[in-house]
Amino acid sequence: MKKYLKFFLMITVSTILMFFMMYFNLYAFSHFFFSQTRAFMALMMGAAMAIVMLLFMWKMYPSKKGNLAILAVSLLVFAGSLFMVRSQTAVDDVAWMKAMIPHHSIAVLTSKRANLSDPEVKKLAQEIIDAQEREIEEMKELIDRLEE
């Protein structure tokens with residue numbers, strides 16, 4: 001039983017870490033907003049990791065029923081998370097903007113930090129930076145208004 005608890009803790013901690021690591025490529029910390037989509041993506045990755053790790057270490061975990069239960073739950077979590085990511089069922093106006101701000105922030109980071117040399121590509125990158133930064137500010141204002 002202790003091995004299974006350790007396995008569960010390992011998957012849980014890894015899933016939480018994956019969620020936060022998805023924010024490491026933000027341009028600015030002020031662009032950090034909780035994203036349901038990123039949470040479901042982290043759950044999907046955690047479930048996939050549980051399946052892969054259990055299959056590689058099958059003999060370390062002696063209960064066939066326990067192993068099958070882990071596989072079944074992991075498959076359900078994966079499928080449910082995939083559905084939520086693809087359908088965006090739980091995403092309302094505010095949740096959508098809170099997911100889009102980090103997404104836009106990544107575009108700002110990659111556009112500002114890329115080693116660009118072609119003048120047309122540089123111009124396009126600057127247009128992207130201007131548009132994304134403007135839209136981030138607009139979404140922040142809308143979030144403030146809608147959450148009041």
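In the predicted model, Glu 138 is found in helix α5, which spans residues 119–147. This residue is partly exposed, since its relative accessible area is 44%, a value that falls between the limits of 20% for buried and 50% for exposed residues. On the surface, Glu 138 gathers with Glu 141, Asp 144 and Glu 148 in a patch of negative charge.

Other charged side chains enter into pairs. Side chains of opposite charge can pair when their charged atoms come close, and in this model the count comes to four salt bridges. One of them joins the side chains of Lys 98 and Glu 147, with a distance of 2.7 Å from N to O. Because Lys 98 lies in helix α4 (residues 93–113) and Glu 147 in helix α5, this pair ties together parts that are 49 residues apart in sequence. Glu 147 itself is partly exposed, with a relative accessible area of 46%.

A further salt bridge is formed by the side chains of Glu 133 and Lys 112, for which the N to O distance is 3.0 Å. Here Glu 133 belongs to helix α5 and Lys 112 to helix α4, so the pair ties together parts that are 21 residues apart in sequence. Both partners can also be described by their accessibility: Glu 133 counts as partly exposed at 29%, and Lys 112 is likewise partly exposed, with a relative accessible area of 36%.

The salt bridge between the side chains of Glu 137 and Lys 140, at 4.0 Å from N to O, is placed within helix α5, where the two residues are three residues apart and are therefore separated by about one helical turn. In this pair Glu 137 is partly exposed, with a relative accessible area of 43%, whereas Lys 140 is buried, with a relative accessible area of 18%, a value that lies under the 20% limit used for buried residues.

Nonpolar side chains also form a patch on the surface, of about 440 Å², which is made by Val 13, Leu 17, Met 21 and Phe 24. Of these residues, Phe 24 has its place in the loop between α1 (2–21) and α2, and Phe 24 is exposed, with a relative accessible area of 64%.

Helix α1 also contains Thr 15, which is buried, with a relative accessible area of 11%. When neighbours within four places in sequence are left aside, Thr 15 is in contact with Ala 42, Leu 43 and Gly 46.

Helix α2, which covers residues 36–56, includes Arg 38. Although its side chain is of a kind counted as positive, Arg 38 is buried, with a relative accessible area of 11%. The residues that Arg 38 touches, not counting those up to four places away in sequence, are Phe 19, Met 22, Tyr 23, Pro 102, His 103 and Ile 106. The separation between Arg 38 and Met 18 is 20 residues in sequence, while their C-alpha atoms are 9.3 Å apart in space.

Methods
Residues numbered from 1 in each chain as written. Predicted model: local features only at pLDDT ≥ 70, side-chain atom pairs only at ≥ 80, totals over all residues. Heavy atoms only, no water. Patch = residues over 30% accessible without salt bridge, like charges linked within 9 Å, V, L, I, M, F, W, Y side chains within 5 Å. Areas by Shrake-Rupley, 256 points an atom, 1.4 Å probe, with all protein chains shown as cover. Charge placed at Lys NZ, Arg CZ, Asp CG, Glu CD. Helix = DSSP H or I, 4+ residues; strand = E, 2+ residues; numbered from the N terminus. Buried < 20%, exposed > 50% of the residue type's maximum accessible area, 1.4 Å probe, protein only. Contact = heavy atoms within 4.5 Å.
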